[in-house]
Amino acid sequence: MEGFSDLLPMAKVLVIGAGVMGLAAAWQSLRDGHQVDLIEAAPEPGGMAAHFDFDGDSIERFYHFVCKTDFPTFELLRELGLEDRLRWRPTSMGFYTDGRLHPWGNPVALLRLPNAPLLSKLRYGLLAFVSTRRNSWAELENVSAKDWIIRWCGEDAYRRFWKTLLEFKFYEHADNISAAWIWTRIRRIGRSRSSIMQEELGYIDGGSQTLIDALVQAIEQQGGRIHLGSPVQFVTTKDNGVTGAETTSRHFAADHVISTSPTPYVADMIPDLPEDWKARYRSIQNIGVICVIFKLRRPVTEHFWVNVCIPDLTIPGVVELTNLRKEIGSSIVYIPYYMPTTNEKFFWPDEHLVAEGFGCLLRLNPNLAASDILATRVARLRHGQPVCEPGFASKIPPVQTPIRGLQVADTCFYYPEDRGIAESVRLGRSMAHNIPRPAHAAAPTPHVESAV
Ligand SMILES: Cc1cc2nc3c(=O)[nH]c(=O)nc-3n(C[C@H](O)[C@H](O)[C@H](O)COP(=O)(O)OP(=O)(O)OC[C@H]3O[C@@H](n4cnc5c(N)ncnc54)[C@H](O)[C@@H]3O)c2cc1C
């Protein structure tokens with residue numbers, strides 16, 4: 001055993017980014033017996049899942065829920081002793097169309113929706129049902145979501161139920177989104193039910209911050225060092241092997257580097273990558289997201305989410321977090337605006353977005369009044385969602401770069417799954433597992449699949 005330990009000494013691992021992927025990679029690297037430094041550009045850990053103080057309530061800048069198939073999250077919560085902090089609740093959907101709010105998201109609601117042909121409704125329901133049961137995606141990989149949905153549901157159902165959702169999220173990319181990607185989204189939600197009639201979603205008591213705090217604490221207790229407010233300027237290499245990373249204040253030496261920074265930053269951050277690799281990272285496009293968040297005296301609707309089809313508003317839906325997390329006293333509502341950051345609306349002043357967003361809430365509930373608003377906040381993210389076109393799988397570079405010891409991934413690397421905490425946890429841990437473990441380390445964590 002001694003001799004084996006000499007052959008595989010403890011490695012110095014540097015993780016870039018303290019979102020859940022980076023935190024999971026750091027935690028797993030420590031469990032595997034390595035030394036870890038975790039470097040985060042922002043002043044707080046958590047990335048997309050980070051919280052802020054919203055008028056006395058700690059909530060996510062971007063709404064989060066848990067689904068029943070989020071197994072990597074469940075396993076991590078168990079490991080951190082947090083399994084009893086996971087809560088499940090029956091939730092419902094609404095659909096605002098033709099000037100009225102309708103129940104949505106179950107077969108009866110679908111059949112009762114007025115003004116839509118029965119055939120369109122049946123075909124829409126069939127697509128949802130079959131997608132939830134389907135497991136393979138090879139035939140969907142080179143097809144656009146638009147073509148796939150029209151093939152299953154017809155033009156009428158596409159126009160009524162899908163078109164605005166895709167267009168108000170992806171704009172000029174709307175007709176060129178992968179069917180495989182849309183399918184995993186339908187499946188994830190479709191499988192989070194207690195029965196065919198009842199959706200059931202989960203949340204972590206205290207929000208994502210509970211998981212982030214526990215990971216930070218576990219990492220620090222195991223001797224890992226977390227450096228916040230330290231953007232990595234560039235990754236350093238020698239003889240085609242990674243040697244560490246440079247921040248504005250110092251150089252961090254490392255044998256292995258795991259980058260979880262969004263791909264649009266990667267080519268500039270790693271100047272020694274071959275040009276064809278840089279081109280691959282640069283070719284992956286992202287859209288931005290803005291969440292306009294309201295704290296209100298009373299609920300807007302009874303639903304967790306409402307799909308919105310209002311032609312004069314570019315709003316695809318509304319998420320009422322407090323219809324899931326009821327322990328928060330006031331009503332917390334998110335209006336997510338997704339759009340390419342070339343869209344002038346991405347730079348609208350906060351007050352314009354708040355005014356438009358409240359106009360949308362008034363359509364859903366005309367009894368609301370401006371005096372119901374207790375607080376508002378606008379959160380923006382430049383790289384909020386990768387744009388996954390048909391054939392996207394072949395665009396994703398391998399996690400292991402041609403530079404020895406350097407792994408790179410972000411949320412698009414687990415395509416066709418959409419961005420999600422569970423998938424980021426799974427991939428972060430899998431990147432840590434790719435580092436040879438010293439002989440003295442604990443047994444590897446089971447159930448962690450390998451990276452793409
Ligand atoms: C609007 C919205 C809603 C969502 N809803 C859900 C949901 O309901 N359920 C769910 O499971 N998931 C949801 N997600 C997705 C989930 O938040 C993400 O999948 C997950 O948080 C991604 O974590 P990550 O670590 O992979 O990436 P990120 O969170 O993006 O982390 C990357 C980190 O790298 C840091 N970084 C970047 N460049 C550098 C640098 N040069 N040096 C150092 N650090 C750097 C960034 O600051 C960031 O903290 C949602 C996301 C959004 C935007």
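L14 sits opposite D37, a residue of strand 2. That pairing is a handy way into this predicted model, so let's follow the strand that L14 sits on.

**Strand 1 and its neighbours**

Strand 1 covers residues 12-16, and four of those five residues are buried, so the rest of the structure largely encloses this strand. On one side of the story is strand 2 (residues 35-39): it runs parallel to strand 1, and five bridges join the two. How do you get from one to the other? Helix 2 (residues 20-31) completes the unit, and together strand 1, helix 2 and strand 2 form a right-handed β-α-β unit.

Strand 1 has another partner too. Strand 14, made of residues 256-259, pairs with strand 1 in the parallel sense, and four bridges hold that pairing. If you want a spot to look at on screen, find V13, which stands opposite H256 in strand 14. As a reading aid, side chains in a regular strand alternate between the two faces of the sheet.

**A greasy spot on the outside**

Now for the surface. Which residues make the nonpolar surface patch? V108, L126, F129, I196 and M197 do, and the patch comes to about 430 Å². One of these, F129, belongs to helix 5 (residues 118-133). F129 has a relative accessibility of 40%, so it counts as partly exposed, given that the partly exposed class lies between 20% and 50%.

**Backbone oddities**

Most residues other than glycine have a negative phi, and most peptide bonds are trans. Against that background, a few places in the loops deserve a look. Two aspartates have positive phi values:

| Residue | Phi | Loop | Relative accessibility |
|---|---|---|---|
| D55 | near 55° | between strand 3 (51-54) and strand 4 (57-60) | 48%, partly exposed |
| D239 | about 50° | between strand 11 (232-238) and strand 12 (241-247) | 65%, exposed |

Why do D55 and D239 get their labels? D55, at 48% relative accessibility, is partly exposed, whereas D239, at 65%, counts as exposed, because the exposed class begins over 50%.

The other oddity is a peptide bond. Where is the cis bond? It runs from Y415 to P416, and its omega is near 10°. P416 itself is in the loop that links strand 20 (406-408) with helix 12 (421-433).

Terms used: Residues are numbered from 1 along each chain as its sequence is written. This is a predicted model: local features need pLDDT of at least 70, side-chain atom pairs count only at pLDDT 80 or more; totals for chains, interfaces and linings use all residues. Side-chain values use heavy atoms; hydrogens and water are left out. Buried means under 20% relative accessible area, exposed over 50%, partly exposed in between (1.4 Å probe, protein chains only). Two strands pair if DSSP finds at least two bridges between them. A crossover is right-handed if, with the strands pointing away from the viewer, the path from the first strand over the helix to the second runs clockwise. Patches are made of residues with over 30% relative accessible area and no salt bridge: like charges are joined within 9 Å, nonpolar side chains (Val, Leu, Ile, Met, Phe, Trp, Tyr) within 5 Å. Accessible areas come from the Shrake-Rupley method with a 1.4 Å probe; for residues, only the protein chains shown count as cover. A salt bridge is a side-chain nitrogen of Lys or Arg within 4 Å of a carboxyl oxygen of Asp or Glu.
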